[in-house]
Amino acid sequence: MSRRAAFAAAAAVMAMGFVAAVAAPADASPSAARAVGSDSGTTVPVIPDAESAASLPSAQQAELAALSSSSAAIEEATANGEFDYALAVRSGADETVAREWAQGVQLAGGVVRNAPNPTSLTQMPVRIAALAACRGQNRIWTDYLGGHARFSSCVVPKAVAALQAGVGATALAATIATAASMGVAAVSAIVPALLQYSVWSIDACSKNGTGVELAFAGFVCWAQ
């Protein structure tokens, strides 16, 4: 293909608002995380916002670093809205990370199995019941404008409830990953940016009941 033809093809793709599907290698770290687009079934690169992470308090940065190192073990212990605490720890997850992840799973309405002290995991705000019909997509992607996320009308109330409860970065990631059926690494990659939003803004942007779209460049949002 000539250089002119290659440029024309790339311009056509960008004009249509598409992002080329690229699968990360099997040994990819969370910095090369990927998410499944619910509308297309393709995989797209999810690039963490390093600037957002650097602006967080040191305690949150440390929490995110611990989550990053435990993400593969958390992923292995997660399936169909259920989280196996004991399996995560056996697979190498930090126990504190596993416990905080379990709290987020419960907040999203998921199930935690094989926890050492299940009663301690229930000391969370009341879970949001699943809505009868979910509207909007669940998707995370990065394009030439930066990072984006879409969450359905069923996910937004749970994410808002987690933020209002003041949960940590790990529990917030768990709430969203469980509610939206998304991968651990992909959701963890956008948590630093999500923590920059006010609860009010995310809630307000989704008031029409169709879910929300967030653009991390500028930290803006609108209804899907």
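Helices, of at least four residues, and strands, of at least two, are DSSP runs numbered from the N terminus. The close-up views below show a predicted model.

**View 1. Ala98 is a residue of helix 5.** Helix 5 covers residues 95-107. Buried means under 20% relative accessible area. Ala98 has a relative accessibility of 0%, and therefore counts as buried. Beyond its neighbours within four places in sequence, Ala98 is in contact with Ile74, Phe83, Tyr85 and Val89. Ala77 stands 21 residues away from Ala98 along the chain, and the C-alpha atoms of the two are separated by 9.8 Å.

**View 2. Ala72 is a residue of helix 3.** Helix 3 comprises residues 58-76. Exposed means over 50% relative accessible area. Because its relative accessibility is 60%, Ala72 counts as exposed. In sequence, Ala72 and Ala185 are 113 residues apart, yet from C-alpha to C-alpha they are 7.8 Å apart in space.

**View 3. Strands 3, 4 and 5 form an open sheet.** The order of the 3 strands is 3-4-5, and their pairing is mixed. Strand 3 (78-79) and strand 5 (111-113) are the edge strands, each of which pairs on one side only. Strand 4, residues 82-84, runs parallel to strand 5 and is joined to it by 3 bridges. Within this pairing, Phe83 has Val112 of strand 5 as its bridge partner. In general, the strands of a sheet pair through backbone hydrogen bonds, either parallel or antiparallel.

**View 4. Strand 6 is buried along its residues 139-143.** Since 5 of its 5 residues are buried, strand 6 is largely enclosed by the rest of the structure. What lies on each of its two faces? On one side are Arg139, Trp141 and Asp143, and on the other are Ile140 and Thr142; all of these are buried, and both faces are thus covered.

**View 5. Strands 6 and 7 form a hairpin.** Between the two strands lie 2 residues. Strand 7 spans residues 146-151, and its pairing with strand 6 is antiparallel, over 5 bridges. Asp143 stands opposite Gly146 of strand 7, and Arg139 has Arg150 as its bridge partner. Strand 7 is mostly covered, with 5 of its 6 residues buried. Strand 7 is also joined to strand 8 by 4 bridges, and these two strands run antiparallel. Across this second pairing, Arg150 stands opposite Glu213.

**View 6. The largest nonpolar core holds 50 residues.** Which residues have the most contacts inside this core? They are Ile74, Phe83, Trp101, Phe151, Val187, Leu214 and Phe216. Helix 8 (residues 169-180) supplies the largest share of the core, with 8 residues. In soluble globular proteins, nonpolar side chains tend to be buried together. Residues up to four places away in sequence aside, Phe151 touches Gln137, Asn138, Val156, Ile176, Met182, Ile190, Leu194, Gly211, Val212, Leu214 and Gln224.

**View 7. Helix 9 is mostly covered.** The helix comprises residues 184-194, and 10 of its 11 residues are buried. The buried residues of helix 9 are Val184, Ala186, Val187, Ser188, Ala189, Ile190, Val191, Pro192, Ala193 and Leu194. Among them, Val187 is also one of the residues with the most contacts inside the largest nonpolar core, and Ile190 and Leu194 touch Phe151.

**View 8. The structure holds 1 cavity of 30 Å³ or more.** Rolling a probe the size of a water molecule over the atoms shows where empty space is left. The largest cavity has about 70 Å³ of space. Its lining consists of Phe151, Val156, Ala159, Leu163, Leu172, Ile176, Leu194, Ile202, Val212 and Leu214. Two or more lining residues come from each of helix 7 (156-165), helix 8 and strand 8 (212-215). Helix 7 gives the most, with 3 residues. How do the lining residues divide into nonpolar, polar and charged? The lining has 10 nonpolar residues, no polar ones and no charged ones.

Terms used: Residues are numbered from 1 along each chain as its sequence is written. This is a predicted model: local features need pLDDT of at least 70, side-chain atom pairs count only at pLDDT 80 or more; totals for chains, interfaces and linings use all residues. Side-chain values use heavy atoms; hydrogens and water are left out. A nonpolar core is a set of buried Ala, Val, Leu, Ile, Met, Phe, Trp, Tyr and Cys residues joined through side-chain atoms within 4.5 Å. Buried means under 20% relative accessible area, exposed over 50%, partly exposed in between (1.4 Å probe, protein chains only). Contact means heavy atoms within 4.5 Å. On a 1 Å grid over the protein atoms alone, a cavity is a set of points where a 1.4 Å probe fits but cannot get out, and a pocket is an open set with protein on both sides within 12 Å along at least five of seven lines; lining residues have an atom within 4 Å of a point. Grid points are joined across faces, edges and corners, and a volume is the space filled by probe spheres set on the points. Ala, Val, Leu, Ile, Met, Phe, Trp, Tyr, Cys and Pro count as nonpolar, Asp, Glu, Lys and Arg as charged, and the others, Gly among them, as polar. Two strands pair if DSSP finds at least two bridges between them.
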